[in-house]
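Work through the exercises below with the sequence and the 3D view at hand. Try each task before reading its solution.

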Amino acid sequence: MTSGARSGMNADRAAEVRIDPPSLVALAADSIRKMILSGKLEPGERLIEERLTEHLGISRPPLREALRLLQNEGLVETRPRYGSTVATLTDQDVFEILTLRSGLERLAVELGVPVREPDRLVACHEALARMEQNARDADRGSLVENGYAFHASIVALAGHRRLSDMYRSVQQQQLLCMARNLGTRECYHENLVDHVRRHRHLLELIEAGDPQAVLAELAIHGERSFAEH
């Protein structure tokens, strides 16, 4: 094979594995999302474009597109002639989200514990490792996102595609609940490291293979605590 042919093949391989960098809009949306989930931007808070463009170092067009993405996710609400605000949840919203989540996770545990395919636990351990790093870094926004990923990986243990799809369908609403829960638990109950330690205990129970013990732990896992204050 000639050197020219080899160079052409190498170029083709490089093209196949090339990963496009995230766009400015995606980076802005990710930054604002983390500010919302970390509590730096509070529910109902108005999102002032001048402040956000200065904070993020971008112009208004990509910022507005990022806000539209977050509006589609349900994290931001936009009203004509008023602008954008961080989404809020009513007491009824919280009740519906938490009871739906609880029911889906209970079904997943009943179907998926004991775990018959150990490879499915890899995603649980990976999400938990990210949570532990987030706790050490005090990165609350990422901790909320990886906390969702951890719970979604528990649901995936059931090997039930429609169940996982239904769980993902309320992902952003769950993130808002989990963000509020994390803030409340940190104020009243535990630090970030202890928060993650509870998740490790939950995973240990799952690996032990006793679904009733897992369900009992989920029942006191603390996701309703913010509604009590």
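## Exercise 1: A glutamate at the start of a helix

With a relative accessibility of 18%, glutamate 49 counts as buried. This is a predicted model. Task: find which helix holds glutamate 49, and which residues glutamate 49 is in contact with, leaving aside neighbours within four places in sequence.

Solution.
- Step 1. Check the burial. The cut-off for buried is under 20% relative accessible area. Glutamate 49 has 18%, so it counts as buried.
- Step 2. Place the residue. Glutamate 49 lies in α3, which covers residues 49-56.
- Step 3. List the contacts. Beyond its neighbours within four places, glutamate 49 is in contact with Arg60, Leu63 and Arg64.

## Exercise 2: The chain as a whole

Task: state how many helices and strands the chain has, and what pattern they follow along the sequence.

Solution.
- Step 1. Count the elements. There are 11 helices and 2 strands.
- Step 2. Read them in order. The pattern is α-α-α-α-β-β-α-α-α-α-α-α-α.
- Step 3. Add the burial. The chain has 229 residues, and 41% of them count as buried.
- Step 4. Look at the contacts with a separation of 6 or more. Residues 24 or more positions apart account for 71% of these.
- Step 5. Turn to the surface. The chain exposes about 12,900 Å², and carbon and sulfur atoms supply 51% of that area.

## Exercise 3: The sides of two helices

Task: find which residues of α6 are buried, and why they lie on the same side of the helix.

Solution.
- Step 1. Locate the helix. α6 spans residues 121-137, 17 residues in total. From first C-alpha to last, α6 reaches 25 Å, close to the 24 Å expected.
- Step 2. List the buried residues. They are Leu121, Cys124, Ala127, Leu128, Met131, Asn134 and Ala135.
- Step 3. Use the arc. These residues cover only 140° around the axis, so they sit on the same side of α6.
- Step 4. Recall the helix rule. An α-helix has 3.6 residues a turn, so residues three or four places apart point the same way.
- Step 5. Name the cover. α7 (140-156) and α10 (192-208) are among what covers the buried residues of α6.
- Step 6. Repeat for α8. Its buried residues are Leu163, Ser164 and Tyr167. They fall within an arc of 95°, so they line one face of α8.
- Step 7. Turn α8 around. The face away from the buried side carries the exposed residues Arg161, Arg162 and Ser169. The cover over the buried residues of α8 includes α5, α7 and α9.

## Exercise 4: Two nonpolar cores

Task: find which residues have the most contacts inside the largest nonpolar core, and which helix gives the most to this core.

Solution.
- Step 1. Size the core. The largest nonpolar core has 35 residues, and Phe150, Ile206 and Val214 have the most contacts inside it.
- Step 2. Find the contributors. α5, α6, α7, α8, α9, α10 and α11 each give two or more residues to this core.
- Step 3. Pick the top one. α7 gives the most, with 7 residues.
- Step 4. Note the other core. Apart from the largest core lies another, of 24 residues, including Ile32, Leu47, Val76 and Ala87.
- Step 5. Zoom in on isoleucine 206. Not counting residues up to four places away, isoleucine 206 touches Val113, Val115, Leu121, Ile154, Leu157 and Val214.

## Exercise 5: A long link in sequence

Task: find how many residues apart leucine 89 and cysteine 177 are in sequence, and how far apart in space.

Solution.
- Step 1. Place leucine 89. It lies in the loop between β2 (83-86) and α5.
- Step 2. Check both for burial. Leucine 89 is buried at 17%, and cysteine 177 is buried at 2%.
- Step 3. Compare sequence with space. They are 88 residues apart in sequence and 8.2 Å apart, C-alpha to C-alpha.
- Step 4. Confirm the contact. Cys177 is one of the residues in contact with leucine 89.

## Exercise 6: Backbone exceptions

Task: find where the cis peptide bond is, and what phi arginine 81 and alanine 138 have.

Solution.
- Step 1. Start from the usual case. Most residues other than glycine have a negative phi, and most peptide bonds are trans.
- Step 2. Find the cis bond. It runs from valine 113 to proline 114, with omega near 5°. Proline 114 is in the loop between α5 and α6.
- Step 3. Take arginine 81. Its phi is positive, near 65°. Arginine 81 sits in the loop between β1 (76-79) and β2, and counts as exposed at 85%.
- Step 4. Take alanine 138. Its phi is positive, about 55°. Alanine 138 follows α6, in the loop between α6 and α7, and is partly exposed at 39%.

Key: Residues numbered from 1 in each chain as written. Predicted model: local features only at pLDDT ≥ 70, side-chain atom pairs only at ≥ 80, totals over all residues. Heavy atoms only, no water. Helix = DSSP H or I, 4+ residues; strand = E, 2+ residues; numbered from the N terminus. Expected span 1.5 Å × (residues − 1). Buried < 20%, exposed > 50% of the residue type's maximum accessible area, 1.4 Å probe, protein only. Arc of directions from axis to C-beta. Contact = heavy atoms within 4.5 Å. Areas by Shrake-Rupley, 256 points an atom, 1.4 Å probe, with all protein chains shown as cover. Core = buried A, V, L, I, M, F, W, Y, C linked by side-chain atoms within 4.5 Å.
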